[in-house]
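Subject: Structure handover and notes

Hello,

Here is the structure I said I would pass on, followed by my notes on it. Please keep it open while you read.

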Amino acid sequence: MGEGFKKFKRKMCVGAWIRGSLLGVAVGCVIAAVLTTLSKFEILTIDKIIMLIASVAPAVAVAGIVVLVLMPSEKRAAKKIDRALNFGERAQTMVAYKQHNGPMIALQRVDADNRLSAATTRGVGLRGIVAITVAFVLAAAMLVTAFVIPGKAEALDDSNEEIEIPWAISEYQRVALEDLIREVRESEMEQEAKDSTVDTLEDLLYALTKVVETESEMKETVIAAIVDVDLISDNANTYLAISRKMLESEDDSMQKLGKIIELLDPLSVRDKMDVLYVSNFMVSDVADLATAFAAGIELALEGAMTDNEIYLNIALYNFADSLRLVGSDGDSSNDGLQTDNAFATACDDLVDALSYQKTNLEMRDKVIAKLTELFGIKADELPDLNANLPSDGNVGGDKNDENVKPEDDEDEVVSDGGIGTGNIIYGSDESYIYDPEKKETVLYGESLGAYHGKYLEDVLSGQISDEFKDLLDAYFDVLFSGTEDKE
């Protein structure tokens with residue numbers, strides 16, 4: 001065959017290899033993309049080597065089949081040439097009579113080969129190449145996408161990543177925090193608790209102004225400050241730990257003192273201490289009783305494991321010391337007076353000490369509420385603040401334990417021996433009764449206090465028998481333990 005014909009046949013063979021290779025690679029890419037996607041989303045578990053074989057083998061097979069199908073014989077090549085160049089049947093005739101040597105045949109063969117040598121091969125041998133190329137590009141894109149998209153585990157990790165949102169303190173927040181610091185500094189909190197709380201808030205203000213740059217850092221810093229403020233309050237407010245230890249005692253007088261302290265109501269201290277004194281210490285052997293009571297107070301303080309520098313602790317230790325002095329002069333006639341003086345001094349000290357602790361709690365609640373409001377801290381973002389409480393002091397420990405931090409003015413304490421439960425009514429300016437002696441409406445607390453004072457005078461003068469005294473003690477216990485019913 002002449003060079004013209006060979007030129008066209010070579011072009012057809014190259015086209016067959018190109019199209020076969022593109023289709024084979026396209027099929028391999030599609031299979032690899034599908035297997036990779038299934039593996040990433042854990043739908044199918046397959047080894048990488050097996051995945052490679054499963055992709056390459058079909059690709060080679062498809063490429064080979066396509067090349068075999070498209071690879072032209074001389075007859076097929078001649079037919080495609082005639083059709084592509086509109087040669088009639090010149091190329092087919094040349095191929096059909098290539099073994100013949102007649103003059104006309106030789107002339108026809110030379111003419112056909114000359115025409116083929118002068119013709120261009122454009123459009124011959126690459127039929128359908130555009131569609132095959134598009135299929136190859138799409139298959140390659142599928143494979144790239146399969147490798148790029150995150151798998152199931154990767155998507156889960158990405159979803160858990162926190163987006164760092166920039167944050168800066170606003171002027172309103174800064175001023176409000178400064179006002180809160182000023183309010184704490186001017187409050188009637190116990191000094192050590194006050195100083196520690198102010199330091200914590202000042203450190204918070206500095207951090208939010210100078211250090212914090214993201215919302216997550218802000219919340220972490222504010223929550224840490226809230227925990228610190230609560231811990232300062234827990235360390236300063238020893239009333240609950242002490243009262244719970246006293247309530248564990250089997251001694252009636254110790255239980256009554258524990259209830260007085262547990263109520264954290266400075267206004268009711270004097271009346272309830274009077275009831276305690278009259279009910280339990282108006283006896284002949286008061287010195288021995290006072291000594292035992294002093295030992296019980298000290299035992300409760302030691303068992304509560306609280307800071308001895310707290311004013312309430314100091315007041316109770318002083319109370320115990322003064323009780324131990326009863327009868328120390330050897331003159332039993334002075335025992336009653338000494339006991340009375342010890343109770344009077346303890347009343348003053350307890351009023352002040354419980355006032356401090358009540359203020360400590362109120363300021364703690366106010367600071368925490370203000371910080372959560374100012375900086376958008378949700379309740380479920382805060383840790384369990386009860387976890388700060390020491391379990392050894394019977395103040396908290398397990399959050400499911402009955403001894404948890406009480407809410408102000410919402411504690412329910414079983415009434416016994418004149419100790420009230422909950423919100424004391426008798427001292428309220430809104431509670432009035434009719435006084436039959438004065439024939440006018442008077443404050444309930446004033447009237448009750450006056451009658452109770454007369455009762456104490458009669459007891460001290462010996463005008464009331466022991467039996468009748470017990471009945472009146474129980475009667476005044478009920479009056480002094482009046483509470484508002486909860487709905």
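Leaving aside its neighbours within four places in sequence, which residues is Leu257 in contact with? This is a predicted model, and in it the contacts of Leu257 beyond those neighbours are Met246, Met273, Leu276, Phe293, Ile297, Phe319 and Leu350.

Nonpolar cores

Leu257 belongs to the largest nonpolar core, which has 41 residues. Together with Met273, Phe293, Ile297, Leu312 and Phe319, Leu257 touches the most other members of that core. At least two residues of the core come from each of helix 11 (239–247), helix 12 (252–263), helix 13, helix 14 (286–304), helix 15 (311–324) and helix 16. There is also a second core, separate from this one, with 31 residues. Ile181, Leu204, Val212 and Leu385 are included in the second core. As background, nonpolar side chains in soluble globular proteins tend to be buried together.

Aromatic residues

The count of aromatic pairs is seven. One of them is Tyr277 with Phe343, where the ring centres are 5.2 Å apart and the planes make an angle of 55°, so the pair is classed as tilted. Tyr277 sits in helix 13 (residues 269–280) and Phe343 in helix 16 (residues 335–375), so this pair links distant parts of the chain, 66 residues apart. Are the two partners buried or exposed? Tyr277 has a relative accessible area of 9% and Phe343 has 3%; the cut-off for buried is under 20%, so both count as buried. Tyr277 and Phe343 are also members of one aromatic cluster, along with Phe281, Phe293 and Phe319. Phe293 and Phe319 appear again among the core residues that touch the most other members.

Salt bridges

How many salt bridges does the structure hold? The number is 13. Side chains of opposite charge can pair when their charged atoms come close. Three of the pairs are set out here, each with its accessibility.

- Glu183 and Lys366: the closest N and O atoms are 2.3 Å apart. Glu183 is in helix 8 (residues 171–185) and Lys366 is in helix 16, so the bridge ties together parts that are 183 residues apart in sequence. Glu183 is partly exposed at 31% relative accessibility, and Lys366 is partly exposed at 41%.
- Arg185 and Glu202: the N to O distance is 2.6 Å. Arg185 lies in helix 8 and Glu202 in helix 9 (residues 191–211), so the parts tied together are 17 residues apart in sequence. Arg185 is partly exposed at 41% relative accessibility, as is Glu202 at 34%.
- Arg270 and Asp348: the N to O distance is 2.7 Å. Arg270 is in helix 13 and Asp348 in helix 16, so this bridge ties together parts that are 78 residues apart in sequence. The relative accessibility of Arg270 is 40%, which counts as partly exposed, and Asp348 is partly exposed with 36%.

Apart from these pairs, Glu171, Arg174 and Glu178 are linked in a network of salt bridges.

Surface and Leu247

Which residues form a nonpolar patch on the surface? Val30, Val34 and Met142 do, with about 210 Å² of accessible area together. Met142 is in helix 6 (residues 129–148) and is partly exposed, with a relative accessible area of 39%.

Leu247 is placed in helix 11 and counts as partly exposed at 26% relative accessibility. Setting aside neighbours within four places in sequence, Leu247 is in contact with Gln255, Gly258, Lys259 and Glu262. Leu247 and Ala300 are 53 residues apart in sequence, while their C-alpha atoms are 9.2 Å apart in space.

Whole chain

The chain has 18 helices and two strands. Of its 487 residues, 40% are buried. Among contacts between residues at least 6 apart in sequence, 70% join residues at least 24 apart. The accessible surface of the chain is about 26,900 Å², and carbon and sulfur atoms account for 56% of that surface.

Regards

Methods
Residues are numbered from 1 along each chain as its sequence is written. This is a predicted model: local features need pLDDT of at least 70, side-chain atom pairs count only at pLDDT 80 or more; totals for chains, interfaces and linings use all residues. Side-chain values use heavy atoms; hydrogens and water are left out. Rings of Phe, Tyr and Trp (its six-membered ring) pair if their centres lie within 6.5 Å; planes under 30 degrees apart count as stacked, over 60 as edge-to-face and the rest as tilted. Helices (H or I, at least four residues) and strands (E, at least two) are DSSP runs, numbered from the N terminus. Buried means under 20% relative accessible area, exposed over 50%, partly exposed in between (1.4 Å probe, protein chains only). A nonpolar core is a set of buried Ala, Val, Leu, Ile, Met, Phe, Trp, Tyr and Cys residues joined through side-chain atoms within 4.5 Å. Contact means heavy atoms within 4.5 Å. Accessible areas come from the Shrake-Rupley method with a 1.4 Å probe; for residues, only the protein chains shown count as cover. A salt bridge is a side-chain nitrogen of Lys or Arg within 4 Å of a carboxyl oxygen of Asp or Glu. Patches are made of residues with over 30% relative accessible area and no salt bridge: like charges are joined within 9 Å, nonpolar side chains (Val, Leu, Ile, Met, Phe, Trp, Tyr) within 5 Å.
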